[in-house]
Amino acid sequence: MENVLRPLIVVGGSVVLTLVIGWATDLLLRKADGRHQDKPLWGLLRRARVPYQLVLCAALLRGSYDQAELLQEHRVGIGRTLTLVLIGSAAWLVIRIAGAVVETSYTRYASARAHRDPARVRRVRTQVELIMRVVSAVVIVVAAASMLLTFPAMRAAGASLLASAGLLGIVAGVAAQSTLSNMFAGLQIAFGDMVRIGDTVVVNGEWGTVEEITLTFLTVRTWDERRITMPVSYFTSNPFENWSRGTPQMTGTVYFHLDHCAPMDAMREKLRDILRECPAWDGRAYNLVVTDTTPTTMQVRALVTAKDADDIWTVRVVVREQMLRWLSEHHPYALPRVNTAGAVPAPGRSHDGTPHPAFNKSPSGRG
């Protein structure tokens with residue numbers, strides 16, 4: 001009877017104690033989150049309850065397994081498995097806790113500076129995400145190394161591995177040259193403030209917004225919802241346009257090809273009225289000037305401003321549409337026209353090309 005109750009008490013007690021402690025901890029975090037709704041830390045820490053319970057359960061079973069006297073012939077293998085689970089779940093828990101702390105710090109910083117310095121907020125967001133990726137990679141590598149060191153064969157091979165580390169480092173450096181260059185480029189982008197998450201960029205003629213930056217690649221979401229993925233080293237070795245660099249405010253132009261008699265003064269007044277009714281216009285500046293002429297038309301440029309790239313696109317299309325509609329309704333003569341006229345016949349010829357009778361008479365009046 002004791003051989004049955006002992007394992008049941010040890011294993012079952014560890015599982016029940018894990019569930020009780022996990023439930024109590026989650027209850028305390030939920031109450032703290034309710035009392036401090038302005039701080040997302042407690043709510044984010046609740047996401048770590050699964051690795052937290054795994055750590056508790058693995059630690060309790062690892063410490064009490066010898067007293068269970070269960071499957072003694074497999075005691076070493078089961079103990080090593082519990083150790084591996086404990087190391088893996090502890091690494092998972094550390095990553096979740098670090099992510100919660102970093103996300104809370106960034107949220108507090110962003111809420112305080114979002115309106116005053118949005119460019120700085122995007123820069124910090126880029127740096128925070130890359131730092132979290134580095135921290136996660138370091139924790140995973142340390143956890144994997146700790147798991148390997150639990151095997152005696154791996155500890156015995158440690159000396160030979162260290163002896164050959166120089167040669168392996170050279171080989172790995174040559175083999176992973178592009179990967180390492182991308183990683184260093186990612187760190188350079190994050191801390192050099194070249195491009196940030198949320199920036200509006202033009203790359204290879206494609207206009208879009210930076211959606212994700214990792215240590216190796218960068219994703220740009222285009223205006224038509226496509227994603228362009230490219231190595232981060234591209235941005236450190238090739239020129240590109242960053243419309244959000246410095247200040248996101250932008251100036252846009254709208255061109256019209258009109259007849260020479262277009263009413264310029266009336267068009268300036270209409271442009272002013274259109275912009276006053278357009279919410280995307282930031283009110284900084286506007287003008288309307290003639291920039292070029294041809295024998296049949298003249299080129300008119302409308303200049304408008306907006307607070308960012310999205311709004312400048314909206315202002316441009318609104319001005320173009322409403323101005324053309326107003327011209328077609330009130331000043332149709334201002335739109336370019338193709339002038340056509342009947343061909344003038346050559347002297348001595350009629351319109352159909354035959355000789356004109358008046359030019360075929362002799363001086364005496366006879367044919």
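This is a quick walk through one sheet, one helix and one aromatic pair.

Okay, ground rules. The model is predicted, so to speak: local features need pLDDT of at least 70, side-chain atom pairs count only at pLDDT 80 or more, and totals for chains, interfaces and linings use all residues. Residues are numbered from 1 along each chain as its sequence is written, and side-chain values use heavy atoms, with hydrogens and water left out.

Let's start with the helix, H11, residues 264-276 (helices are DSSP runs of H or I, at least four residues; strands are runs of E, at least two; both numbered from the N terminus). H11 reaches 19 Å from first C-alpha to last, close to the expected 18 Å (1.5 Å times one less than its number of residues). Met-264, Met-267, Leu-271, Ile-274 and Leu-275 are buried there (under 20% relative accessible area; exposed is over 50%, partly exposed in between, with a 1.4 Å probe and protein chains only). Those buried residues fall within an arc of 90° down the axis, so they line one face (the arc takes directions from the helix axis to the C-beta atoms). Turned away from that side are the exposed Asp-265 and Arg-276. And what covers the buried residues? Strands E6, E7 and E8 and helix H12 are included (contact means heavy atoms within 4.5 Å).

Next, the open sheet: five strands, antiparallel, ordered E4-E3-E2-E1-E5 (strands pair if DSSP finds at least two bridges between them). E4 and E5 stand at the edges with a single partner strand each, so one side of each has no neighbour in the sheet. Five bridges join E3 to E4, and Phe-217 has Pro-231 in E4 as its bridge partner.

Last, Trp-281 and Tyr-286: an edge-to-face pair, 6.0 Å centre to centre, 80° between planes (Phe, Tyr and Trp rings, six-membered for Trp, pair with centres within 6.5 Å; under 30 degrees is stacked, over 60 edge-to-face, the rest tilted). Trp-281 is buried at 18%, while Tyr-286 is partly exposed at 32%.
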